[in-house]
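Got the model open in your viewer? Let's click through a few spots and see what turns up at each one.

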Amino acid sequence: MTRIAIIGGGISGLAAAFQIEQQKHAGQDVEYTLYESSPRLGGVLRTEKIDGCVVEAGPDSFVTEKPWAAELARLVGLGDQLIGSNDADRKTYILTRGRLVEMPDGLMFMVPTKILPTGLSPLFSWSTKLRMSRELFHPPRAVDHDESVADFVERHYGREMVDRLADPLLSGVYGGESASLSVRAVLPRFAEMERTHGSLGRAMLAARKKMKSTGPKKPAPTLFTSLRNGMQHLAETVVSQLTPSSLLTNTTVQAIQAEAGGWVVSAGLQSDHFDGVVIALPGSAAASVLRLASSELAAELAAVQYTPSITVGLGYGHDVRQSLPPGFGFLVPRSEGKQLLAATFVHNKFPHRAPDDRALLRCFFAGSTAEKVWPMTDDQIIGIVRNELQQIVGLRAEPHFARVYKWQSAMAQYGVGHLERLERIERLRKQLPGLTLAGNAYRGIGVPDCVRSGREAAKQLLSVAAPAA
Ligand SMILES: Cc1cc2nc3c(=O)[nH]c(=O)nc-3n(C[C@H](O)[C@H](O)[C@H](O)COP(=O)(O)OP(=O)(O)OC[C@H]3O[C@@H](n4cnc5c(N)ncnc54)[C@H](O)[C@@H]3O)c2cc1C
């Protein structure tokens, strides 16, 4: 019998456990123990039902383009619970000199693909618009080194594009600043477009043309997918299909060490022997568990930076729903001098998440602004949110409820040189047979990538692990 330890009970660890269960049902002789330090499984996937609203404390959805989370949902029987974002109402605003300006139609991240809406948009100055048209003539460029997203975007479209779009869009995903994020790790498609086409605008137009010419048109999938009753439902349903005696909550792993052709996992006063270990933890926690097994690997993992983030859920009545602008919400460039980075009008993005007579808002702080407000009380944080919502959308009403959720070191920052770091991590990992890594420190911080990494890590171990003596 092969024995596997999974360390971490977030969605990455749960996906690894689910994979093992599947292989067990298919006849493989395997058992596992999942260690989770907190009392609950699911990690940052946490949902509360308040006043008829589905309030997400952590992730609220995932990009549909990456199939792995929806695939897992279908495998555990939640196919009919998957919901798409309400893209008919998809409008995002950018706070620009104190007022909300709609992102022009046809903008693919920051690449304009429709001339008229971008040309007429007050979001950009004339000099940026001129740069957009000049960008179409950039020749292909082979770059032999990584660079920051800010440098990359500035080279193509200028500083204003970094400030107005690239920075706020990436802050909404990674919490960090475009000046420190790696273009190769975070926007690999754009780096490749530059290599092949030079101009991102030309590359995007060529890709669209190719898509149009290939066969009959399927209806476009929605941009985001989620679960009707919230993201926690996915974690809970996966848990319901795992072996209860394999799940150890309130159990923190202190260290793992290679021993007798396998691994010894030490948690409190207990230690147990396994053939293989999946470490499904954020970088710094993985580093701490691995420090005795490989100080070099631990140092590389600890070097993947994380930032804190804070989400605030606010519920209002029908009048507020009427008064807010249509669309998914707004992003706030740092140059606007606010603390908030973004707000989502959840009742528009996912109408199933709030009764028709309610408005549900989700506000987001990350990176340096989250650090700044972190020590404050919930009431003080709610005060900041309300004050800024009043300034930005004129919202004065008293919320029916307000909840603050703080996540320490939850968002990985793929800094410049991240891919080279991953190569070093992989080389060091291979020196430790029977060890695999999953989670958001590596190749994607979103839920789909975490699910993929967890299942792959388990599969990899089961394809090579030898049974314990
Ligand atoms: C506020 C927020 C919003 C987000 N929004 C989105 C979104 O909209 N869409 C999207 O796709 N992604 C989003 N993400 C990212 C995504 O949710 C996470 O990257 C992903 O869920 C991480 O899952 P994980 O299992 O790797 O890690 P975690 O969920 O962090 O789980 C790790 C688990 O390990 C446990 N643990 C730690 N140390 C030990 C130890 N020594 N021993 C045992 N257990 C330990 C922890 O208690 C935790 O439960 C968001 C993240 C945050 C924080």
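Start by selecting glutamine 232 and whatever surrounds it: leaving out residues up to four places away in sequence, it touches Arg40, Leu45, Arg46 and Thr47. Keep in mind that this is a predicted model. Glutamine 232 belongs to helix α10, residues 232-240. Color by accessibility and glutamine 232 comes out at 16%, so it counts as buried, the cut-off being under 20%. Want a sense of scale? Put a distance label between the C-alpha atoms of glutamine 232 and glycine 106: they are 126 residues apart along the chain and separated by 33 Å.

Next, select glutamate 36, in the loop that runs between β2 (30-35) and β3 (47-50). Which side chain of opposite charge is nearest to glutamate 36? That's arginine 40, 7.4 Å away, and glutamate 36 has no salt bridge even though it is buried. Its side chain does make a polar contact, at 2.7 Å, with the side chain of serine 38. Now show the contacts of glutamate 36, skipping neighbours within four places in sequence: you'll find Gly8, Gly9, Gly10, Leu41, Leu248, Thr249, Asn250 and Thr251.

Last stop: strand β17, residues 305-317. Twelve of its 13 residues are buried, so the rest of the structure largely encloses it. Add β21 (residues 401-413), which runs antiparallel to β17 and is joined to it by ten bridges; look for threonine 311 opposite tyrosine 405. Then add β20 (residues 358-366), also antiparallel to β17, with nine bridges between them. Here, serine 309 stands opposite alanine 366.

How values were computed. Residues are numbered from 1 along each chain as its sequence is written. This is a predicted model: local features need pLDDT of at least 70, side-chain atom pairs count only at pLDDT 80 or more; totals for chains, interfaces and linings use all residues. Side-chain values use heavy atoms; hydrogens and water are left out. Helices (H or I, at least four residues) and strands (E, at least two) are DSSP runs, numbered from the N terminus. Buried means under 20% relative accessible area, exposed over 50%, partly exposed in between (1.4 Å probe, protein chains only). Lys and Arg count as positive and Asp and Glu as negative; His and the chain ends are not counted. A salt bridge is a side-chain nitrogen of Lys or Arg within 4 Å of a carboxyl oxygen of Asp or Glu. A polar contact is a pair of N or O atoms within 3.5 Å; within protein, one must be able to donate a hydrogen and the other to accept it, and residues adjacent in sequence count only if both atoms are side-chain atoms. Contact means heavy atoms within 4.5 Å. Two strands pair if DSSP finds at least two bridges between them.
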